[in-house]
Amino acid sequence: MIQNIFANKRSISFEVFPPKKDGEFEAAFEILDDMGKLSPDFISVTYGAGGSRSGKTVEIASYIQNHLGIDAMAHVTCVGSKKEQLLDVCKALKDNGVGHVLALRGDRPKDMIDEQFDSRDFAHASDMMCFLKDNTDLHLSGACYPEKHFESFSLESDLNNLKRKQEAGAEFLISQLFFDNDFYYNFLEKTEKKGITIPICAGIMPITSAKQIGTTITLAGSSVPKALADIIANYGDNPDDMRKAGIDYAIRQIRDLQENGVNDIHIYTMNKPKMAKEIVEAIYR
């Protein structure tokens, strides 16, 4: 069980995503095989916007659980999911031996009109968690935002929402990516004061190309500290140097976290096993 790993040791886990095209599955399984050789404590599998391609999430999670013998955790989102659809996905996961889900609100699909958005079955991830707790025997985890969710009025409001996730049955949390550890340490102090006692995994995304700043980071709402901005300014036009510098930044960030008592690291691998291997070998040598 994933939730049992946190009490005894440092943990390392990965996020992967299903291929967007059916023809890419053979390569995806090769990537997973390489990820498995690194012996992560668990691997999470993302979910398409609005529940799109949920069957692919189930297929990838099943491969991780049953072929690689590594605990898999499937993302499920509620922004475009009806209760019946959600239960169908959960049944498929259980039928494939996957007992863990990361319950997320998810991004609003670009083609979802206001009427559909306003009439969704679950307004928040915590609402879906309560439903899953009552209607399934899945183990639940949730997301948290060290610099607050970009739609939230304040960090305090975000912490209140996080407390509701704990009360709804979340057994642990995974943080959104961040690049300034001071934000994360401050966040941990505030969660402790709020009475949030479940384990929290620190989400780390290596920045290996300059274009990531304009895509993933913008969507996540994470700030970019000067040290990382300087790396992008100095190496952004040189892909090889940018990759090396970005991975080194992530390694130094993880080492600092571990030296300050943060023992559980979740790497957003972007399906790059070579990058994941370099990081894992560096932080455990």
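**Exercise 1.** Find out which residues lie nearest the centre of the second largest pocket in this predicted model.

*Solution.* Start with the lining: 15 residues line the second largest pocket, and Leu188, Thr191, Ile198, Pro199 and Ile200 are the ones nearest its centre. Next, look at where the lining comes from. Helix α7 (residues 181-194) gives the largest share, four residues. Now sort the lining by class: you get eight nonpolar, five polar and two charged residues. Last, the space: the second largest pocket holds about 260 Å³.

**Exercise 2.** Work out how helices α10 and α11 are oriented to each other.

*Solution.* Let's first place the two helices: α10 covers residues 239-259 and α11 covers residues 273-284. Their axes are 10 Å apart and meet at an angle of about 40°. Angles under 35 degrees would count as roughly parallel, and 65 to 115 as roughly perpendicular. So α10 and α11 are oblique to each other. As for handedness, the crossing of α10 and α11 is right-handed. On the α10 side, the contact is made by Arg243, Ile247, Ala250, Ile251, Ile254, Arg255 and Gln258. On the α11 side, Lys274, Met275, Glu278, Ile279, Ala282, Ile283 and Tyr284 take part. Sorted by class, the residues of this contact are nine nonpolar, one polar and four charged.

**Exercise 3.** Say what stands out about the phi of Met270 and of Asn271.

*Solution.* Begin with the background: most residues other than glycine have a negative phi. Met270 is not a glycine, yet its phi is positive, about 55°. Asn271 isn't a glycine either, and its phi is positive at about 60°. Where do you find them? Met270 sits in the loop between β8 (264-268) and α11, and Asn271 is in the loop between β8 and α11 too.

Technical notes
Residues are numbered from 1 along each chain as its sequence is written. This is a predicted model: local features need pLDDT of at least 70, side-chain atom pairs count only at pLDDT 80 or more; totals for chains, interfaces and linings use all residues. Side-chain values use heavy atoms; hydrogens and water are left out. Axes are lines fitted to C-alpha atoms, for helices over the stretch in contact, and angles run from 0 to 180 degrees between N-to-C directions. Angles under 35 degrees count as roughly parallel, over 145 as roughly antiparallel, 65 to 115 as roughly perpendicular and the rest as oblique. A crossing is left-handed if the near helix is turned anticlockwise from the far one by less than a right angle, and right-handed if clockwise. Contact means heavy atoms within 4.5 Å. Ala, Val, Leu, Ile, Met, Phe, Trp, Tyr, Cys and Pro count as nonpolar, Asp, Glu, Lys and Arg as charged, and the others, Gly among them, as polar. On a 1 Å grid over the protein atoms alone, a cavity is a set of points where a 1.4 Å probe fits but cannot get out, and a pocket is an open set with protein on both sides within 12 Å along at least five of seven lines; lining residues have an atom within 4 Å of a point. Grid points are joined across faces, edges and corners, and a volume is the space filled by probe spheres set on the points.
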